[in-house]
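This briefing goes through one protein model by topic: overall make-up, core, surface patch and salt bridges.

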Amino acid sequence: MPDAGRFSELGEQGSRAVMEAAAVLERELSLGLADAKAAGDRLTGEHRVDQEEFDQLVRRVSENTHQLIDAVSTRLLGSTTGDAAEQTQRLATNAHDVLDLLLNLSSLAPAFANRSMEGTFGPRQSPAEHPGEAEGRHG
């Protein structure tokens, strides 16, 4: 484990950078809430996860989080030198790599969820297979 003392020079500047970046990320995430709600409604109403909708959410999270990592590391690198700067750069690179790995793994989630829901609720049927449901049955 690296010596935490080497990061003491980041102190207040690092905290300020993180707080500013978190505020930007919070604004960006709030913009994605409508998409997340639509995906949640589809999951509970239709018992399925739409792959395209899910991929769109993952893209948004990926872009925003990579930008957050870049913004924080840029702020920190601007005020550090030597070992602390090298360590900050390595941490930023590792954060990007871990994020990519997790998001790539998450791309499997819709297929697993849909398979599980099909096993629980039965095969999905399109509205064309049940025209009365699509139009609203009248007794």
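Contact here means heavy atoms within 4.5 Å. On that basis, and leaving aside neighbours within four places in sequence, leucine 99 is in contact with Ser62, Thr65, His66 and Ile69. The model is predicted. The protein has six helices and zero strands, and 22% of its 139 residues count as buried.

**Overall make-up**

- Read from the N terminus, the elements run α-α-α-α-α-α.
- Among contacts with a separation of 6 or more, 77% are between residues 24 or more positions apart.
- About 9,700 Å² of the protein is exposed, and carbon and sulfur atoms supply 57% of that area.

**Nonpolar core**

- The largest nonpolar core has five residues: Val58, Ile69, Ala92, Leu99 and Leu103.
- Helix 3 (51-78) and helix 4 are the elements that give two or more residues to this core.
- Helix 4 gives the most, with three residues.
- Two members of this core, Leu99 and Ile69, are also in contact with each other.

**Helix 4 outside the core**

- Alanine 95 also lies in helix 4.
- Its C-alpha is 8.6 Å from that of histidine 66, although alanine 95 and histidine 66 are 29 residues apart in sequence.
- Is alanine 95 buried or exposed, or partly exposed? Alanine 95 counts as partly exposed because its relative accessibility is 30%, and the partly exposed class lies between under 20% for buried and over 50% for exposed.
- Histidine 66 is one of the residues in contact with leucine 99.

**Nonpolar surface patch**

- Val98, Leu101, Leu102, Leu105, Leu108 and Phe112 form a nonpolar patch on the surface.
- Together these residues have about 600 Å² of accessible area.
- Helix 4 (residues 82-106) supplies the largest share of the patch, four residues.
- One patch residue in helix 4 is leucine 102.
- Leucine 102 has a relative accessible area of 51% and is therefore exposed, the cut-off being over 50%.
- Helix 4 thus takes part in two groupings: it gives three residues to the core and four to the patch.

**Salt bridges in helix 2**

- The count of salt bridges comes to five.
- Lysine 37 and aspartate 41 meet through their side chains in a salt bridge, at 2.9 Å from N to O.
- Both residues lie in helix 2 (residues 33-46), where lysine 37 and aspartate 41 are four residues apart, about one turn of the helix.
- Lysine 37 is exposed, with a relative accessible area of 53%, whereas aspartate 41 is partly exposed at 41%.
- Arginine 42 and glutamate 46 form a salt bridge at 3.2 Å, N to O.
- Arginine 42 and glutamate 46 likewise both lie in helix 2, four residues apart, about one turn of the helix.

**Salt-bridge network**

- Which residues are linked in a network of salt bridges? The network holds Arg42, Glu46, Arg48, Asp50 and Glu53.
- Glutamate 46 has two partners: arginine 42 and arginine 48.
- In the salt bridge between glutamate 46 and arginine 48, the closest N and O atoms are 2.7 Å apart.
- Glutamate 46 is partly exposed, with a relative accessible area of 37%.
- Arginine 48 counts as buried because its relative accessibility is 16%, and buried means under 20%.

Technical notes: Residues are numbered from 1 along each chain as its sequence is written. This is a predicted model: local features need pLDDT of at least 70, side-chain atom pairs count only at pLDDT 80 or more; totals for chains, interfaces and linings use all residues. Side-chain values use heavy atoms; hydrogens and water are left out. Patches are made of residues with over 30% relative accessible area and no salt bridge: like charges are joined within 9 Å, nonpolar side chains (Val, Leu, Ile, Met, Phe, Trp, Tyr) within 5 Å. Accessible areas come from the Shrake-Rupley method with a 1.4 Å probe; for residues, only the protein chains shown count as cover. A salt bridge is a side-chain nitrogen of Lys or Arg within 4 Å of a carboxyl oxygen of Asp or Glu. Buried means under 20% relative accessible area, exposed over 50%, partly exposed in between (1.4 Å probe, protein chains only). A nonpolar core is a set of buried Ala, Val, Leu, Ile, Met, Phe, Trp, Tyr and Cys residues joined through side-chain atoms within 4.5 Å.
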